[in-house]
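Biologist: I'm new to this one. Could you pick a single strand and walk me through what surrounds it?

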Amino acid sequence: MDFSYNNTNVIQTNAEAVSSSWLPRLRKGYATLGGLLAGQDTGILHDPDADPELVDFGGEATGNGRAREPQVKYTYAGPYGTVFNVGVENPVPRLNGPFGQVDADTNQIPTSTACSVTGNTSAATPVTTSCLGSGAFFSPLTRAWPEMIGTARINQPWGHLQIGGVVRTDQLNDGQGLDQTYVGYGGTVSFDAHPFSGAPGALGKDDLGGGVCGGTEMGGQCANSMGVVTNFGAPIFVPGVGVVNPLNSTGSTAAITAAWNARDTSQSLGNNALINGVNVRKAYDALVSSQSPHSYGGWIWYQHWWTENLRSTLEVSGIWNAMNTSIAVNTNSTNNKMLSITHANLFWSPVAFIDFGAEYGWGHRLTVSNFRGDAYTLQGEMRVRF
């Protein structure tokens, strides 16, 4: 357990103003029987030995697998230092659409106002609308098949090499006319090597590591890659109805929006879902376009030991996402085409179980519409291992 909870979709200013993070979270909890493991552990595709030593908790711009995930896996230790893993992980569906990246647990719709518990405050919004101001209002993501993963690894005195692959799905289903399933797949190669292994003194501890990760619709299995790209939630012209904007409940489209949110004609609201004899929700859903994107990323780092208790790591990482911009119209300012980051740090260990670290980081972001941004950070830490 730890108390490092945060939600990257919500700025929890008040909590940070009076205290540090206050909600506990489960990091790891699992049971084993021989080579069988069930519970929450390091993601099957992830390779911690190929990660650099950083002060930055956010890590690299990309990496393979998830840090921790509920799973069931089997490990087989073969000859000559080989290790094989196969298993399934909890599915984490993801889409990239009109509101940027949305995962199954995304909280707030940026452009949707929450209504009250006793009644709706937005004109032409039916009482069936969620009053949560939540991504559940519009997100069609549903969990389906678990994500299937396998890895093969060889451990040697000079370091290690690991390869892995994953097959996963993203399913869009709004309970009415939309039911689409897309399959993602990809692979990764990661390693670390001691270039001066056997050399006397601190130089023998120097370490070089890195990896590549890429594929189609990789979701979180390549950090900062994309899920299925879709225009669900964006304004779409529906013949016989007009432009349907699911989240616009004012102006000339108010009646259309109310019809889009109404129930199916077989339920109690009946004709409220119809305009000119057209069931607005089903007609809209039939025009939703989706497609699997591609992502390619990599990272490389070198750790040099200056002395037995003084070391530095230089790390460079980045990921490139390729999405269909004709489908992802109106989304290009929020979805990432490219992310990169560079870290340089210095760690000092006055005793074996205590580390002091200082680190500089530079990050660069490029959206699909070529908006650019940079970030610069200075971080420090004191770490006690026990």
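**A close look at β5**

Modeller: Let's take β5, which is covered on both faces: R94 and N96 on one side, and L95 and G97 on the other, are all buried (under 20% relative accessible area, with exposed over 50% and partly exposed in between, using a 1.4 Å probe and protein chains only). In a regular strand, side chains alternate between the two faces of the sheet. Keep in mind that this is a predicted model, where local features need pLDDT of at least 70, side-chain atom pairs count only at pLDDT 80 or more, and totals for chains, interfaces and linings use all residues. Residues are numbered from 1 along each chain as its sequence is written, and side-chain values use heavy atoms, leaving out hydrogens and water.

Now the neighbours. Strand β5 spans residues 94-97 (strands are DSSP runs of E, at least two residues, numbered from the N terminus). It pairs with β6 in the antiparallel sense over four bridges (pairing takes at least two bridges found by DSSP). R94 has D103 of β6 as its bridge partner, and a hairpin of two residues joins β5 to β6. With β12 (residues 228-230), β5 runs parallel, joined by two bridges; there, L95 partners V228.

Zooming out, the open sheet has four strands in the order β6-β5-β12-β17, with mixed pairing. Its edge strands, β6 (100-103) and β17 (290-291), each pair on one side only.
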